[in-house]
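Thanks for asking me to look this one over. Here are my comments, set out as numbered points so you can follow them with the viewer open.

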Amino acid sequence: MARDFSAVGRALAAPARSAIVDALMDGSRRPASELAAIAGVRPPAASEHLAVLVGTGIVAAEASGRRRFYRIADPAIANALEALGRVTGELPSTGYTRSREASALAEARLCYDHLAGRLGVGLFDAMTERGWLGEGGAVVTEEGRAGFADLGIPLEARGSRRPVARPCADWTERRSHLAGIAGRALAETFLERGWVQRRPSSRGLRVTEAGATELDERWGVGVGVGERASA
């Protein structure tokens, strides 16, 4: 059966909706007021844009008391959007702040719930070279499971339909980073141990000094330390 992609194309065609989707690509849940500010539109317009995204199934809405929060509908949609980013243009950097933000996203960010950018790709390459990942990143080998266990990272998620490992196309690096249960667990570990920190109002990550040391000494991955990210 032929697929009709036109509805999805129309849903993503508006710059404001594109900005909303991009803001939610870190796996966060955000209220309409915050998304309106990110997209640079008034709240009534943001509500209209969100209705389109929810109606197409790209975004899901959840009620919490009197407030509604919005998120990407599921990991598969986030992965598809990240892959789609490989064939999209980038918003022009119209000033120093936007240019700095674009550079930060390319350096280290969350792709839904796993590490992306040069950080994620560097880790994927390092794990592949060490034999932790096989079949192009679709399998965690026995050596990899031992390595994850040594880091105190569990790979089993009971009841989850997600694969343990899956290569995810990185739209800035044009290569793969690690998704799946292993990718999520790795990102959670980096955040919990203070090796990376979330950037405010962005899915970008700052690599801390401790994180840079960990990446260099354990993985041989060189990523710049983010501003105000010492830890």
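The points below go from the whole chain to its sheet, its helix pairs and a few single residues.

1. **The chain as a whole.** Please keep in mind throughout that this is a predicted model. The protein chain holds 10 helices and 11 strands. Of its 231 residues, 44% count as buried. The exposed surface comes to about 12,100 Å², and carbon and sulfur atoms supply 51% of that area.

2. **Contacts along the sequence.** Among contacts in the protein chain with a separation of 6 or more, 55% are between residues 24 or more positions apart. One pair that is easy to find in the viewer is Pro-167 and Ala-138, which are 29 residues apart along the chain and have their C-alpha atoms separated by 6.0 Å. I come back to Pro-167 in a later point.

3. **The three-stranded sheet.** Strands β1, β3 and β2 form an open sheet in the order β1-β3-β2, with antiparallel pairing. β1 and β2 are at the edges and have a single partner strand each, so one side of each is left without a neighbour in the sheet. As a reminder of what pairing involves, strands of a sheet pair through backbone hydrogen bonds, either parallel or antiparallel.

4. **How the strands of that sheet are joined.** β1 covers residues 30-31 and β3 covers residues 67-72, and 2 bridges connect them in the antiparallel sense. Here Arg-30 is opposite Tyr-70 in β3. On the other side, β2 (residues 59-64) is joined to β3 by 6 bridges, again antiparallel. Two residue pairs can be used to check the register: Ala-63 has Arg-68 of β3 as its bridge partner, and Ala-60 has Arg-71 of β3.

5. **The turn between β2 and β3.** Which residue in this hairpin takes a positive phi? The hairpin of β2 and β3 has 2 residues between the strands, and Gly-65 takes a positive phi near 70 degrees.

6. **Helices α1 and α2.** Two packed helices are described by the angle between their axes and the distance between the axes. For α1 (residues 6-13) and α2 (residues 15-23), the angle is about 95 degrees and the axes are 6 Å apart. Angles of 65 to 115 degrees count as roughly perpendicular, and α1 and α2 are therefore roughly perpendicular to each other. On the α1 side the contact involves Arg-10, Ala-11, Leu-12 and Ala-13, which meet Pro-15, Arg-17, Ser-18 and Val-21 of α2. By class, these residues are 5 nonpolar, 1 polar and 2 charged.

7. **Helices α3 and α4.** α3 (residues 32-39) packs on α4 (residues 43-56) at an angle of about 100 degrees, with the axes 9 Å apart. This makes α3 roughly perpendicular to α4. Ala-32, Leu-35 and Ala-36 of α3 make the contact with Pro-43, Ala-46 and Leu-50 of α4. The contact of α3 with α4 has 6 nonpolar residues, with no polar and no charged ones.

8. **Strands β8 and β9, and Pro-167.** β8 and β9 pair in the antiparallel sense over 4 bridges. Pro-167 lies in β8 and is opposite Leu-178 in β9. Is Pro-167 buried or partly exposed? Its relative accessible area is 27%, so Pro-167 is partly exposed. Leaving out residues up to four places away in sequence, Pro-167 touches Phe-124, Gly-136, Gly-137, Ala-138, Ser-176 and His-177.

9. **Backbone angles to look at.** Two residues that are not glycine have a positive phi, and I would list them for the reader. Glu-135 has a phi of about 55 degrees and is found in the loop between β6 (133-134) and β7 (139-140). Glu-135 is exposed, with a relative accessible area of 68%. Arg-174 has a phi of about 60 degrees and is found in the loop between β8 (166-169) and β9 (176-179). The hairpin of β8 and β9 has 6 residues between the strands. Arg-174 is partly exposed, with a relative accessible area of 42%.

Definitions and conventions:
Residues are numbered from 1 along each chain as its sequence is written. This is a predicted model: local features need pLDDT of at least 70, side-chain atom pairs count only at pLDDT 80 or more; totals for chains, interfaces and linings use all residues. Side-chain values use heavy atoms; hydrogens and water are left out. Buried means under 20% relative accessible area, exposed over 50%, partly exposed in between (1.4 Å probe, protein chains only). Contact means heavy atoms within 4.5 Å. Accessible areas come from the Shrake-Rupley method with a 1.4 Å probe; for residues, only the protein chains shown count as cover. Two strands pair if DSSP finds at least two bridges between them. Axes are lines fitted to C-alpha atoms, for helices over the stretch in contact, and angles run from 0 to 180 degrees between N-to-C directions. Angles under 35 degrees count as roughly parallel, over 145 as roughly antiparallel, 65 to 115 as roughly perpendicular and the rest as oblique. Ala, Val, Leu, Ile, Met, Phe, Trp, Tyr, Cys and Pro count as nonpolar, Asp, Glu, Lys and Arg as charged, and the others, Gly among them, as polar.
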